[in-house]
Amino acid sequence: MIRVEQAGLGTRIEDAGRPGWQHLGIATGGAMDPHAARAANALVGNEPGVALLEIPLAGPVLSFERGLWLALTGADLSPELDGRAVDGWRPLWCPAGSRLRFGRPSWGCRAYLAVSGGLDLPEVLGSRATDERAGIGGLEGRTLRAGDVLKSLPARLPPPEAPERPWQPDWGLAWREIYGVGEAWRLQLIPGEAWDGLEAAGQAALLDGSFRVAARADRMGLCLDGPALRLRETRERLSAGVAPGCLQLPPSGLPILLGAACQTTGGYPLLGRVASQDRPRWAQARPGDALAFELGDVATAQSAWRREERLWQMQKAELCRRYPYQR
Amino acid sequence: MSGSQPPWRFQPLGDSALMIELGTGIDPGLNARVHALAARLDHAGLPGIADRVPAYASLCLHYDPLAWDYATLVERLRPLLEAEAGAPCPGRELTVPVCYGGEFGPDLAALATHCGLSESEVIARHSAGAYPVYFLGFAPGFPYLGGLDPALAMPRRAQPRPRVPAGSVAIGGAQTGIYPQATPGGWQLVGRTPWRLFDPARQPPCRILPGDRLRFRAIGLEEFQALAEQEDRA
C-alpha cells in the first residue's frame, strides 16, 4: 500500500492511454513521455502500458506500508528514500515503512514512477490513464491528493536478500541518448499544410531555436514564446483530426505544440507534427526551454522509429536477463 | 495534369497518422461520404489502426508505424476510396427530447429578443430542424451539428458561464449543440435534454454518434423528470 502524504503539483496516474475512442471526442492521453514510462515498467518487470505515476516537476511524498520494488525514470527530480539520494533508471527496493520524497528538479519536466506489478485501479474504456476532461481513469479522473492510498498488484520481482534495507542493483538503463544534449531540444518536424504558407523569417525562427516553451505548458499543449508568426494568406483549417506533437498556429501567431491530452480535432492552421521519435524531448521540455525544429520527412521518421524500436527490444531483453528470479 | 483528379487527397499527419480529405467545405452530403468511408474502413478491418476520426470533410487515421509505412497504407486505402460511389451514410435518425426555457434554458428569452421572435417561435423553429451530426469533438460526446435555422443564430455570451450543466442545449453563433458534461461554456442555453450523452459505463459510451441525424422534440418538465429517472436506471 502506498500512502500519498503530499500530492506534489499534478501527480497523476497514467498508462499507455486510451486509444480507439477518438471518434467520440475522447482523447487518447497516456504518458506524455511514453519512452520513460515503458522504461520504468520494464525496470520492475512490468508489461509495457501498466499504470504508473507521472510526476511533473514538484514531486509527492509517498510512504510504503510494505516493501516494494519501484523504478523512477524521465525527469530527475532529486528523489530521496528516507533522506538518501537514489538513482533513476535503475530498480529501487523500498523497505516497509520507508518514505520517498523529491527535491529540486535538476533535469527534465516529468518523472515516471512504476511499481512492480503496477498500480491496482479499475480500467475505464480500456485504460487507467487519468482524463480530467472526461472525468474518468486514475482516481476518479483527478490528480492525486494528500491522503490518497494506492494499491499495487502482486510484484513481478522477489524481494532482495536484505528486505529491511533500501537497495539498488548496479544495473539499469542508459537513457541520455533518447533525449539528446545541447542548448535547445532538437525536434524533427514533418511539415503540415500550413508550413509553406509561413513567411521565410517565421520558418527560420522555428528552425533556429528562437522559440521557447511558455509558462502555459501542460498536458494539453505547450504554448511557445517567440516572434509572432504570420501566414502569407490567412487560411482557416476546417476542423479535422489532430494528435500529440502537432504544431498549430492560432491567430495570436504564437504556435502551440499539442500534448498527450490534446483534443481529438482542431481547426488552427497546422505547421507540422514532430516525429514520434522526438516526443520524449518535448515531453521533458520545461517552461523557458528553447526548441529548435528541423525539417523531417515521413519515410525517414518511420525508419528511425523502427530502428529505435528494435534497439529498445534488445535493451529490454538484456534487462530481462538481469532480473534474478523473475516470476 | 489531367482533369480526372480523384475527389480525395491523402496528407500525412506526422509519421503515425494520415488525413484523407474528401473535400473542403461544411456540407451534409460531403460529411455523409466521410462517415460512409469510416464504415467501409471498419468493415475492412485493417490491423494497426488505433483510431479513425471523422470531421467535417476528412477522416484522420492514427496508425502504428511499426505495422504500416505511409506509402503502403495509402496504397491499401485507395481501393476503399474507389469503391465509394453510392455508399449510404450509416447514421441513425434520433429524436432528442428537450425541455426548453425556464431554469433549463436561461437564455431563451434573450435569444428570442435577439432574433425578433417569441419564445414559442424559437422553440418551434429549433425543434423543426434536422441536424446532421458532422462529428464529435472538443469533449467526450460533444456533437458538432449542422442545420441550425439561420434565424436562430446568436453570438456567444460575452461572459462564459463557469458551469454549464450536462445536457444543456445551446446556440453559439450559427451552430447549435448539446453539452454532454458539466463544463464552463459561453453558448446561449435554450433548454436541456434528460439524455445522458456520455457514460463510460455504457457501450458505446456516447448516446449520439458521428453520422447520426438529430431532431429535437419539445417536452415538458414532467416528461423531463420521467426520462431523467429512466436514464438513471439504465
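This is a short tour of a predicted model, with stops to select one after another in your viewer.

**Chain A as a whole**

Start by showing chain A alone as a cartoon. You should find five helices and 20 strands there. Along the principal axes, the C-alpha atoms of chain A fill a box of roughly 65 × 35 × 35 Å. Its radius of gyration is 20 Å, which agrees with the value near 20 Å that a compact globule of 327 residues would have. Colour by accessibility next: 58% of the 327 residues of chain A count as buried. Among contacts in chain A with a separation of 6 or more, 78% are between residues 24 or more positions apart.

**Where chain A meets chain B**

Now bring chain B back. Select the residues in contact across the two chains, and you get 39 from chain A and 44 from chain B. Together the two chains bury about 3,200 Å², with 61% of that on carbon and sulfur atoms. On the side of chain A, show His23(A), Leu24(A) and Leu238(A) as sticks; these lose the most area to chain B, together 19% of what that side buries.

What kinds of polar pairing cross this interface? There are 14 residue pairs in polar contact, both partners at pLDDT 80 or more, and zero salt bridges by the rule used. To see which elements take part, highlight strand S15 (240–241), strand S19 (270–274) and helix H5 (298–322) of chain A, each giving two or more residues to the side that touches chain B. H5(A) supplies the largest share, six residues. Colouring that side of chain A by residue class gives 19 nonpolar, 14 polar and six charged residues.

**Gln277(A) and its neighbours**

Hide chain B and go to Gln277(A), in the loop between S19 and helix H4 (279–284) of chain A. Is this residue buried or exposed? Gln277(A) has a relative accessible area of 19%, so it counts as buried, the cut-off being under 20%. Beyond residues up to four places away in sequence, Gln277(A) touches Gln188(A), Ala304(A), Trp305(A) and Glu308(A). Draw a distance from its side chain to that of Glu308(A): the two make a polar contact at 3.1 Å.

**A walk through salt bridges**

The structure holds 34 salt bridges over all chains. Here are three in chain A to select.

- Glu5(A) and Arg99(A): their closest N and O atoms are 2.8 Å apart. The pair links distant parts of the chain, with Glu5(A) in strand S1 and Arg99(A) in strand S9, 94 residues apart. Glu5(A) is partly exposed at 33% relative accessible area, and Arg99(A) is partly exposed at 35%.
- Arg110(A) and Glu54(A): these side chains meet at 3.9 Å, N to O. Arg110(A) belongs to strand S10 and Glu54(A) to strand S3, 56 residues apart. Arg110(A) is buried at 6% relative accessibility, and Glu54(A) is buried at 1%.
- Arg321(A) and Glu318(A): the closest N and O atoms are 3.0 Å apart. Both residues lie in helix H5 of chain A, three residues apart, about one turn of the helix. Arg321(A) is exposed at 61%, while Glu318(A) is partly exposed at 36%.

For the last stop, return to Arg110(A) and Glu54(A) and add Arg12(A), Glu14(A), Glu132(A) and Arg219(A) to the selection. These six residues are linked in a network of salt bridges.

Terms used: Residues numbered from 1 in each chain as written. Chains lettered and ligands numbered in written order. Predicted model: local features only at pLDDT ≥ 70, side-chain atom pairs only at ≥ 80, totals over all residues. Heavy atoms only, no water. Contact = heavy atoms within 4.5 Å. Buried area = accessible area lost by both parts, 1.4 Å probe. Salt bridge = Lys/Arg side-chain N within 4 Å of Asp/Glu carboxyl O. Polar contact = N/O pair within 3.5 Å; in protein donor to acceptor, adjacent residues only side chain to side chain. Helix = DSSP H or I, 4+ residues; strand = E, 2+ residues; numbered from the N terminus. Nonpolar A, V, L, I, M, F, W, Y, C, P; charged D, E, K, R; others polar. Rg over C-alpha atoms; globule rule 2.2 N^0.38 Å. Buried < 20%, exposed > 50% of the residue type's maximum accessible area, 1.4 Å probe, protein only.
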